[in-house]
Amino acid sequence: MLDLQNTSRSVYDAAIIQFPKILDDRGNLTFIEARRHIPFDIKRVYWIYDVPGGESRGSHAYRELQEVIVALSGSFDVFLDDGLAQKTVSLNRAYYGLYVPNMIWRRMQHFSTNAVALVLASLPYDANEYVKDYPNFKKMNQTQQRR
Ligand code: TYD
């Protein structure tokens, strides 16, 4: 699989990954193996749940961290912005993941009732990974895009 960590800065590099789906009358099953279905080694997993109506999460970018976001239950939108282009991806199936490269501004919003957002991350938690100031993010990305 492509390793986009040091090159990608575009929302067009954010892509849907379809995971295996084992259909069964007893209930369906989906699985993920690092490096086989995910283009990085998974260093951390977290999930967002019990989101009150109208709330959004994660208005920021990560310097180096890549992630795959899955709507394990319910639905929500992921808004992506690379400083030039924007796009919104709706997630509503447990067998789809959204790959988000580093240095993409992203916000999760429009959560349905009982939505669960699973996030597979390429790095452990590090507060220094966050770019939380949008004008600063834009400046950082424009510097990259001019190279
Ligand atoms: P944050 O990533 O800022 O959430 P969001 O981007 O959705 O608003 O995380 C919220 C809080 O949780 C923050 O104090 C840091 C803490 N946190 C951890 O300790 N470990 C983690 O893996 C994550 C994702 C957050």
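**Entry 1: the sheet**

I began with the strand arrangement and noted an open sheet of five strands, ordered β8-β7-β10-β5-β12, with antiparallel pairing. I then looked up its edges: β8 (86-91) and β12 (130-131) are the edge strands, and each pairs on one side only. I recorded that the model is a predicted one. As background, I reminded myself that strands of a sheet pair through backbone hydrogen bonds, either parallel or antiparallel.

**Entry 2: strands β7 and β10**

I asked myself how many bridges join strand β7 to β10. I found five, with β7 covering residues 76-81 and the two strands running antiparallel. I also checked Val78 and saw that it stands opposite Met108, a residue of β10.

**Entry 3: Gln109**

I turned next to Gln109, which I located in strand β10, residues 105-109. Is Gln109 buried or exposed? I noted a relative accessible area of 13% for Gln109. Buried means under 20%, so Gln109 counts as buried.

I then listed the surroundings of Gln109. Its side chain makes a polar contact with the side chain of Arg107, at 2.7 Å. Setting aside the neighbours within four places in sequence, I found Gln109 in contact with Glu55, Ser56, Phe76, Asp77 and Phe79.

**Entry 4: the ligand and its shell**

I moved on to the ligand and looked up which residues are around it. They are Arg44, Tyr46, Arg57, Gly58, His60, Tyr125 and Tyr130. By type, I recorded that the shell divides into three nonpolar, two polar and two charged residues.

I then went through the distances to oxygen atoms of the ligand. For Arg44, an N or O atom of the side chain is 2.5 Å from a ligand oxygen atom. For Tyr130, a polar side-chain atom lies 2.5 Å from an oxygen atom of the ligand. For Gly58, I noted a backbone N or O atom 3.2 Å from a ligand oxygen atom.

How much of the ligand does the protein bury? I recorded that the ligand taken alone exposes 520 Å², and that the protein buries 57% of this area. Finally, I asked which elements give two or more residues to the shell around the ligand. These are β4 (44-48) and β5 (57-62). I noted that β5 supplies the largest share, with three residues.

**Entry 5: looking back**

I closed by placing β5 in both pictures: it stands between β10 and β12 in the order of the sheet, and it contributes three residues to the shell around the ligand.

Definitions and conventions. Residues are numbered from 1 along each chain as its sequence is written. This is a predicted model: local features need pLDDT of at least 70, side-chain atom pairs count only at pLDDT 80 or more; totals for chains, interfaces and linings use all residues. Side-chain values use heavy atoms; hydrogens and water are left out. Helices (H or I, at least four residues) and strands (E, at least two) are DSSP runs, numbered from the N terminus. Buried means under 20% relative accessible area, exposed over 50%, partly exposed in between (1.4 Å probe, protein chains only). A polar contact is a pair of N or O atoms within 3.5 Å; within protein, one must be able to donate a hydrogen and the other to accept it, and residues adjacent in sequence count only if both atoms are side-chain atoms. Contact means heavy atoms within 4.5 Å. A residue is near a molecule or strand if one of its heavy atoms lies within 4 Å of it. Accessible areas come from the Shrake-Rupley method with a 1.4 Å probe; for residues, only the protein chains shown count as cover. Ala, Val, Leu, Ile, Met, Phe, Trp, Tyr, Cys and Pro count as nonpolar, Asp, Glu, Lys and Arg as charged, and the others, Gly among them, as polar. Two strands pair if DSSP finds at least two bridges between them.
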